[in-house]
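Pull up the model in your viewer and colour it by chain. We'll go through it piece by piece, from confidence down to a single residue.

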Amino acid sequence: MTTLSLDRRPAQTARLRQRTVGRTVLYVVMIAAAVAIMIPFVWMVVSSLKTNNQVFTIPIQWIPDPVVWQNYVDIWAKSDMVTWVKNTLLLSVGVTFLQVLTGSFAAYGFAKMRFPGRDVLFLAYVGTIAVPWQAYMIPQFILLSKAGLSNTLWAMLALQTFSAFGVFLMKQYYESIPDELSEAARIDGLSEYGIWRRIVLPLSGPAVATLVLLTFVNTWNDYLGPLIYLRDRDIWTIQIGLQSFVSQYNAEYALIMTGSVLSVVPIALIFLLGQRFFVQGIATAGMKG
Amino acid sequence: MKRSYLTATATAAAAALVLTACGGGDDQGEGGQDGASGAVTVSLAGWSLDTTPEFQVLADAFHEQNPDVTIDLVEYSADDYDTQMIADLSAGSAPDLYVMKNLKNFFTYEDGGQLVDVSDVAGQLGDEVSGVDAYTVDGATFAIPYRQDAWYLYYNKDLFDQAGVDYPDGSWTWDDYADAAEELTTGLDESNVYGTYQHEWQSTVQGFANAQSPGADLLSGQWDYMVPFYERAVDLQDEGTQLDYGSITTNSVSYQSQFGTQKTAMMVMGSWYVATLLAQVDSGEADEFAWGFAPAPQLDSSTVEEPITFADPTGIGINPAADDDVVAAAKEFLAFIGSEDAASALAEIGITPAVTNDTVAETYFGIDGMPTDGVSRFAFSTHDVRPENPVDANTAALQNILEDAHSAIMSGSVSPADGIDEAEQRAAAEVLG
Amino acid sequence: MVTTAVPPTGSTSSRTGRNRPGGHPPGRRLRLRNTFIGWTFILPNFIGFAVLTLGPVLALFYLGFTSWNAFGQAEWVGVENFRGLLTDATFHRALLNTGYYAVLHIPLTLAASLGLALLLNTKLRGVAFFRTVAFFPYITSIVAIAVVWNMLFSPDAGVINQFLTFLGVDDPPGWTTSTDWSMPAVVIVGTWRYMGYYMLLFLAGLQAIPPELYEAARVDGANAIQRFWNVTVPGLRPTTFFITVMLTIESFKVFDLILVMTNGGPGISTLVLSQYIYRKGFEEHDFGYASSVAIVLFGICIVVTVVQFLINKRRER
């Protein structure tokens with residue numbers, strides 16, 4: 001094992017050339033894979049630039065002719081896109097904020113504190129993930145209706161904020177943070193809340209970023225929840241709005257695809273910004289050799 | 001912002017705890033009395049309100065006759081109407097009046113005690129209202145129908161002329177239909193048009209088999225009578241006379257575009273498509289061409305005098321959670337929707353009402369763009385419509401089993417005989433056993 | 001074998017918590033204090049969780065032993081629903097299909113997402129773009145996904161079969177129109193859809209591995225493959241555990257993807273448990289029976305999770 005690292009220098013020039021070739025191949029493969037992965041989205045975009053009758057053709061027509069930009073104008077007049085986006089944004093931001101706050105707080109209790117009943121409690125959290133929502137949504141709906149929350153955005157906020165997922169995710173990440181750090185802080189006289197706030201939370205950037213992104217996307221794309229809870233048009237979210245749009249204008253495929261493209265753009269942007277949090281630690285060290 | 005969210009959520013959660021602990025049972029409809037003037041507001045569930053004007057038409061026409069009563073529409077999802085309604089009824093937050101989209105779910109609502117007995121309203125209705133029987137359980141009626149669709153055979157006169165095939169004359173059997181479909185396919189070979197189109201739904205085969213086969217009974221779990229209907233359908237798609245099932249499902253083919261853009265010369269479809277086609281021709285989504293609709297093909301010529309077809313009625317019932325004065329006003333509304341006035345108002349927007357007498361037919365065929373030939377008129381006014389879903393506890397489960405059989409047979413995974421045989425075994429073991 | 005090459009820096013070995021506050025000589029007051037503080041951490045989330053999720057889930061466990069049509073009082077029927085499940089051939093088929101999906105979907109997605117994460121955890125130019133691309137399937141509307149993939153899978157005109165024919169496959173599969181191939185087709189789409197999602201979780205986990213460990217391994221002369229097995233794999237363990245648990249549960253719960261892709265067909269070749277629950281409940285209005293199916297599904301997930309938990313515990317040692 002140790003002998004390998006002794007003579008590196010003679011091989012370096014060859015390895016450099018090898019790496020350039022390797023990298024080019026890598027890029028080609030990755031670009032090809034990217035195109036393949038994006039095909040359904042590309043189809044969405046292409047379809048949104050067609051007339052309705054051109055959307056479904058056998059075989060698929062990949063280049064719209066003529067290009068119908070009008071769909072991107074019409075959609076604002078034919079639907080309440082602005083209201084939907086506003087509601088969904090409000091909900092996604094609210095849910096994400098509360099989920100990250102309460103989830104990471106609770107995760108500290110599960111990961112770094114030791115007290116009786118902790119593991120049972122945690123199992124209850126994970127256990128509920130294993131129950132499909134459509135099985136208990138009626139009891140839950142009755143509960144929230146009795147509380148006067150059905151047909152309000154509060155219901156959605158309450159529903160999505162306290163998911164077990166966030167707690168589980170954060171707990172697993174906290175467990176990979178060495179206990180010596182919090183131990184040292186404890187000796188320095190920091191309270192448990194202080195340790196969470198000053199030590200553990202700042203160290204869990206990637207996990208928080210993941211939770212933010214996933215919670216945001218899940219809230220943004222949730223369909224069944226808003227379907228059950230929201231009736232009034234002025235509190236519809238983007239998914240339920242799009243679905244109603246589909247059943248109202250069931251032949252206007254091009255417009256439906258326009259709406260779908262528009263609904264994806266905000267999360268794509270947020271992802272593009274958020275993924276920057278995944279380039280520390282190993283990313284720098286791993287590639288040097 | 002953050003604080004107010006937190007406190008509000010915490011308060012809400014606490015409130016929920018307290019309320020459920022007390023078992024708070026104040027089931028109340030959304031309507032109620034508006035002050036002391038005697039004016040009443042009644043809420044009514046509808047779906048896709050922008051493009052489904054029938055609810056507003058009924059509400060407006062009723063309000064005109066009864067200025068004291070206002071009908072407020074509550075919007076539901078068109079696709080998931082029953083899911084939302086079950087949730088709302090279960091939690092006591094449903095509107096005062098709600099629509100039965102089909103008979104499959106009517107049973108649940110009636111059996112679950114979610115409908116007010118409206119036998120008194122039914123007793124006042126004229127004999128012309130079709131579909132009332134479907135809502136009558138043990139002598140009591142629980143909903144009043146306002147529309148009664150029926151399945152027709154739509155055909156494209158231009159394409160028939162081009163292929164040199166005679167129009168359907170109202171006496172067709174399924175064999176005549178299959179022959180014509182083949183002839184049309186051959187005659188229209190160059191323009192790449194199919195003779196007929198059969199949408200992916202199970203109704204397109206099973207609906208007719210259940211309605212027309214002698215002694216057919218969906219609830220019996222003995223479905224051998226469906227086999228010949230399936231054999232015909234499978235033959236038609238195997239020989240390329242109609243677009244095959246796999247292409248329809250994998251390419252998300254819509255029946256509106258198939259017939260509307262002249263990709264098929266014929267199509268069996270429900271009467272709701274008349275209004276859709278007229279609207280799509282207007283908007284340019286469908287081509288302009290001469291078309292008509294004829295009675296659905298029959299099993300044999302013995303029923304051509306009064307052709308047998310099928311479709312569930314669409315009716316409205318009253319939520320028992322509504323207050324007494326609201327129920328009284330709601331009953332007036334139900335009496336109205338079964339009247340000729342309501343039928344004419346609906347016919348004006350291309351809906352097939354539950355009352356189809358001559359006056360209504362006059363209104364219906366007066367619509368701009370409506371075919372006016374004798375066969376279309378005959379199809380509209382003369383038919384024996386059988387409900388698609390019998391009102392029974394087992395209907396939904398049996399229909400689900402048959403839906404599975406439909407996709408298995410039409411995709412060519414099993415032969416019609418084997419597919420039906422499997423379905424019968426499942427029904428016997430899981431539902432009827 | 002796994003941990004031998006990692007230099008014993010000591011920082012990762014204490015993961016199981018030998019140095020936790022509770023590890024001190026257990027004074028009663030200290031334990032009480034820890035319990036109190038522990039609860040204050042958990043409580044803000046737990047109150048909402050208990051009321052909104054745990055409560056309804058417990059209600060579901062009650063409903064599984066009743067006959068309930070969503071209206072009025074549920075009627076206690078004991079284990080009758082479960083006895084019905086024993087002889088319900090459609091339920092057995094749904095169970096089998098769910099297992100089939102999970103067995104194919106879990107390893108494929110795990111491999112694909114870990115591969116993507118390793119590939120995209122670099123400073124390559126344009127890595128942000130590729131990460132976003134990998135995540136795109138997860139954010140694209142599921143309706144559009146179903147429409148496009150079904151077209152790609154179309155037996156005659158579909159791009160996939162045209163490609164297979166081009167490669168010389170004589171009799172390409174019927175995919176979503178064939179009872180034999182519909183499940184593999186759904187698995188392919190499922191893997192494609194979720195690999196970006198789990199890639200993100202792996203990426204986060206990779207950031208938690210201290211760079212010094214790689215440095216040390218390299219000094220010891222470990223090559224890339226050795227570094228992967230001896231540094232990356234052990235370092236990722238908490239993340240991998242989380243991902244396998246979530247992926248397993250999500251696979252057993254698969255619902256909307258099946259609904260839009262095949263709706264369980266053709267026949268019942270892709271009918272899965274979640275869909276069966278929805279059918280029994282919302283279509284056939286037998287919420288008691290639907291609840292009992294959900295309890296079985298829950299039981300399966302818990303057993304698998306506990307097994308994973310035990311394996312994870314043993315590996316940690």
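What follows is a walk through confidence, the individual chains, the contacts between them, and then a couple of residues up close.

First, the caveat: this is a predicted model. The predictor gives the complex an ipTM of 0.83 and a pTM of 0.86. For chain C, the mean pLDDT is 85, with 91% of its residues at 70 or more. If you go element by element in chain C, α3(C) has the highest mean pLDDT, at 94, and α5(C) the lowest, at 83. The stretch to be wary of is residues 1–24 of chain C, where pLDDT stays under 50. The model still has 40 contacts beyond four places in sequence for that stretch. Where pLDDT is low, the predicted coordinates should not be read in detail.

Now the chains themselves, beginning with chain B. It has 18 helices and 14 strands, and its C-alpha atoms fill a box of roughly 70 × 55 × 50 Å along the principal axes. How does its radius of gyration sit against that of a compact globule? A compact globule of 433 residues would come out near 22 Å, and chain B has 24 Å, so the two agree. In chain B, 53% of the 433 residues count as buried. Take the contacts in chain B between residues at least 6 apart in sequence, and 75% of them join residues at least 24 apart.

Chain B is also split into domains, and the sequence ranges interleave. Domain 1 of chain B takes in 30–149 and 312–355, while domain 2 of chain B covers 151–310 and 380–432. Their centres, taken over C-alpha atoms, are 30 Å apart. Each domain puts 16 residues into the contact between them. On the domain 1 side, helix α4 of chain B (residues 103–111) gives the most, with 5 residues. By class, that side of domain 1 of chain B has 7 nonpolar, 5 polar and 4 charged residues.

Chain A has a simpler inventory to remember: 15 helices and 0 strands. Buried residues make up 51% of its 289 residues. Run the sequence-separation count here too, on contacts in chain A between residues at least 6 apart, and 76% join residues at least 24 apart. The domain assignment of chain A gives domain 1 (2–69) and domain 2 (79–248), with C-alpha centres 34 Å apart.

Next, turn to how chain C meets the others. Against chain A, 90 residues of chain C are in contact with 91 residues of chain A. Quite a list of helices in chain C supplies at least two residues each to this side, including α4 (127–139), α7 (182–207), α10 (237–252) and α13 (287–316). Which helix gives the most to the side of chain C that touches chain A? That's α1(C), with 19 residues. The side of chain C that touches chain A divides into 56 nonpolar, 26 polar and 8 charged residues.

Against chain B, 32 residues of chain C are in contact with 31 residues of chain B. Here the elements of chain C that give two or more residues are α1 (28–63), α3 (89–120), α5 (142–153) and α12 (273–283). This side of chain C has 13 nonpolar, 15 polar and 4 charged residues.

Then there's the nonpolar core. The largest one has 311 residues, and α7(C) gives the most to it, with 17 residues. The residues with the most contacts inside this core are Val42(B), Tyr152(B), Tyr154(B), Ala330(B), Phe333(B) and Ala294(C). Zoom in on Ala330(B): beyond residues up to four places away in sequence, it touches Val42(B), Asp96(B), Leu97(B), Ile318(B) and Ala322(B).

Last stop, Thr262(C), in the loop between α11 (256–261) and α12 of chain C. Is this loop residue buried or exposed? Thr262(C) has 25 C-beta neighbours inside 10 Å, so it counts as buried; the cut-off for that is 20 or more. Leaving out residues up to four places away in sequence, Thr262(C) touches Thr176(C), Ser182(C), Val186(C) and Thr270(C). Of these, Thr176(C) is 86 residues away from Thr262(C) in sequence, yet their C-alpha atoms are 6.6 Å apart in space.

Conventions:
Residues numbered from 1 in each chain as written. Chains lettered and ligands numbered in written order. Predicted model: local features only at pLDDT ≥ 70, side-chain atom pairs only at ≥ 80, totals over all residues. Contact = placed C-beta atoms within 7 Å. Helix = DSSP H or I, 4+ residues; strand = E, 2+ residues; numbered from the N terminus. Nonpolar A, V, L, I, M, F, W, Y, C, P; charged D, E, K, R; others polar. Domains from an automatic or database assignment. Buried ≥ 20, exposed ≤ 12 C-beta atoms within 10 Å, placed from the backbone. Core = buried A, V, L, I, M, F, W, Y, C linked by C-beta atoms within 7 Å. Rg over C-alpha atoms; globule rule 2.2 N^0.38 Å. pLDDT = per-residue confidence, 0-100.
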